[in-house]
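Colleague: I would like to go through this model with you. Please keep the answers short and end each on the value or name I ask for.

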Amino acid sequence: MAKQKKGVRLPISQSRKFILSDSTQFVIKEAYKTARANIMFSLSQSDKKIVVVTSCSPAEGKSTNCLNLAMTMAETGSSVLLIDADLRKPIQHSLLKLDNKKGLSSILGGITGDIGKTIKKNVRDNLDVLTSGPIPPNPAELISGKRMGELLEIVGSHYDYVFIDTPPVMVVTDACLMNDFVAGIVFIIKEGSTTHVEIKEAIQKTKLMNAKILGMVKVNCDYKGKSGYSSYKYKYDYKSSNS
Ligand SMILES: Nc1ncnc2c1ncn2[C@@H]1O[C@H](COP(=O)(O)OP(=O)(O)O)[C@@H](O)[C@H]1O
Ligand SMILES: [Mg+2]
């Protein structure tokens with residue numbers, strides 16, 4: 001697959017090819033396992049195992065990689081919940097072919113109080129998913145509201161890990177608004193798309209909101225495999241910003 005340029009979003013059927021599966025190359029799976037180990041290490045001192053996944057701009061791979069990180073974490077046997085909190089452009093239900101009549105927005109908007117019934121169970125082994133629900137008119141208000149805090153407290157005590165897919169930080173502040181309830185943020189950086197200036201600005205923005213950056217995952221970059229592996233077109237790289 002050719003490298004993607006800034007803002008490029010493939011049709012959903014092609015985007016699904018980036019989701020980890022049995023046919024994913026070994027090296028890519030290993031890179032996710034490295035990211036997983038780093039996230040587990042970063043969270044080892046934290047009592048809240050809740051991670052927000054975001055990026056600077058749209059179409060940088062937040063949703064796909066949030067799902068892949070959640071699936072990789074679930075492989076350890078830990079119970080994992082993935083929440084689609086991009087209430088503006090939700091995509092997890094399309095990636096996973098799930099019904100989205102009810103979801104996060106229904107809980108936050110008070111339309112349903114039954115969190116257990118709204119969460120889709122065992123979408124993959126050990127992985128449950130809370131889809132976005134219908135797109136609401138007031139996403140930032142819902143995300144920063146009291147009900148979101150209560151929801152994260154409940155799911156945080158029930159699941160070993162929670163991964164939250166969000167809109168880009170340079171467009172809206174939804175990711176940072178969850179700061180009080182989460183352990184930190186994982187940034188997705190897309191080679192050929194995210195610029196250094198954007199990364200700097202996004203880091204400044206998260207610092208202003210007192211949010212902790214747990215690390216960065218780089219996607220869409222060339223990588224020469226180790227001996228025994230042919231070269232492949234992208235790699236997943238995890239770097240701690242705290243080092
Ligand atoms: N690991 C990856 N390498 C290259 N492109 C990717 C990768 N993951 C996702 N993409 C592509 O990036 C585009 C945006 O993906 P998506 O996950 O919807 O991003 P976002 O949530 O940031 O808008 C899609 O066309 C998708 O196929
Ligand atoms: Mg997305």
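Modeller: One term before we start: helices and strands here are DSSP runs, numbered from the N terminus, with at least four residues for a helix and at least two for a strand. The model is predicted.

Colleague: Where is T131 placed?
Modeller: Two elements flank T131. One is strand 4, the other helix 7 (139-143). T131 is in the loop between strand 4 and helix 7.

Colleague: Is T131 buried or exposed, and at what relative accessibility?
Modeller: Beyond its neighbours within four places in sequence, T131 is in contact with several residues, including D84, H93, L104 and K120. Buried means under 20% relative accessible area. T131 therefore counts as buried, at 0%.

Colleague: Which residues of strand 4 lie on each side?
Modeller: In a regular strand the side chains alternate between the two faces of the sheet. Strand 4 covers residues 127-130, and both of its faces are covered. The four residues are all buried: L127 and V129 on one side, D128 and L130 on the other.

Colleague: In which sense does strand 2 pair with strand 4, and which residue of strand 4 stands opposite V80?
Modeller: Strand 2 spans residues 80-84. Four bridges link strand 2 to strand 4, in the parallel sense. Opposite V80 stands L127.

Colleague: How do strand 3 and strand 4 run, and what is the bridge partner of K120?
Modeller: Strand 3 takes up residues 120-124. Two bridges join strand 3 to strand 4, and the two run antiparallel. For K120, the partner in strand 4 is V129.

Colleague: Which residue takes a positive phi in the hairpin of strand 3 and strand 4?
Modeller: This hairpin has two residues between the strands. A positive phi near 65° is found there. The residue is N126.

Colleague: N122 has a positive phi too; what is its relative accessible area?
Modeller: N122 lies in strand 3. N122 is not a glycine, yet its phi is about 45°. Exposed means over 50%. N122 is therefore exposed, at 56%.

Colleague: Where does N210 lie, and what is its relative accessible area?
Modeller: N210 is in the loop between helix 10 (196-208) and strand 7 (213-219). Its phi is positive, near 60°, in a residue other than glycine. N210 is exposed, and its relative accessible area is 65%.

Colleague: How many disulfides does the whole structure have?
Modeller: Take two cysteines as examples. C56 is buried at 1% relative accessibility. C66 is buried at 0%. For disulfides, the search of the whole structure finds zero.

Colleague: What share of the residues in the protein chain is buried?
Modeller: The chain comes to 10 helices and eight strands. Of its contacts with a separation of 6 or more, 77% are between residues 24 or more positions apart. The accessible surface is about 11600 Å², with 52% belonging to carbon and sulfur atoms. Among the 243 residues, the buried share is 54%.

Colleague: Over which residues does pLDDT stay under 50?
Modeller: The mean pLDDT of the chain is 87, and 89% of the residues reach 70 or more. Where pLDDT is low, the predicted coordinates should not be read in detail. The model has 56 contacts beyond four places in sequence for the stretch in question. That stretch, with pLDDT under 50, is residues 225-243.

Methods
Residues are numbered from 1 along each chain as its sequence is written. Chains are lettered from A and ligands numbered from 1 in the order in which they are written. This is a predicted model: local features need pLDDT of at least 70, side-chain atom pairs count only at pLDDT 80 or more; totals for chains, interfaces and linings use all residues. Side-chain values use heavy atoms; hydrogens and water are left out. Buried means under 20% relative accessible area, exposed over 50%, partly exposed in between (1.4 Å probe, protein chains only). Two strands pair if DSSP finds at least two bridges between them. Contact means heavy atoms within 4.5 Å. Accessible areas come from the Shrake-Rupley method with a 1.4 Å probe; for residues, only the protein chains shown count as cover. pLDDT is the predictor's confidence in each residue, from 0 to 100. A disulfide is a pair of cysteine sulfur atoms within 2.5 Å.
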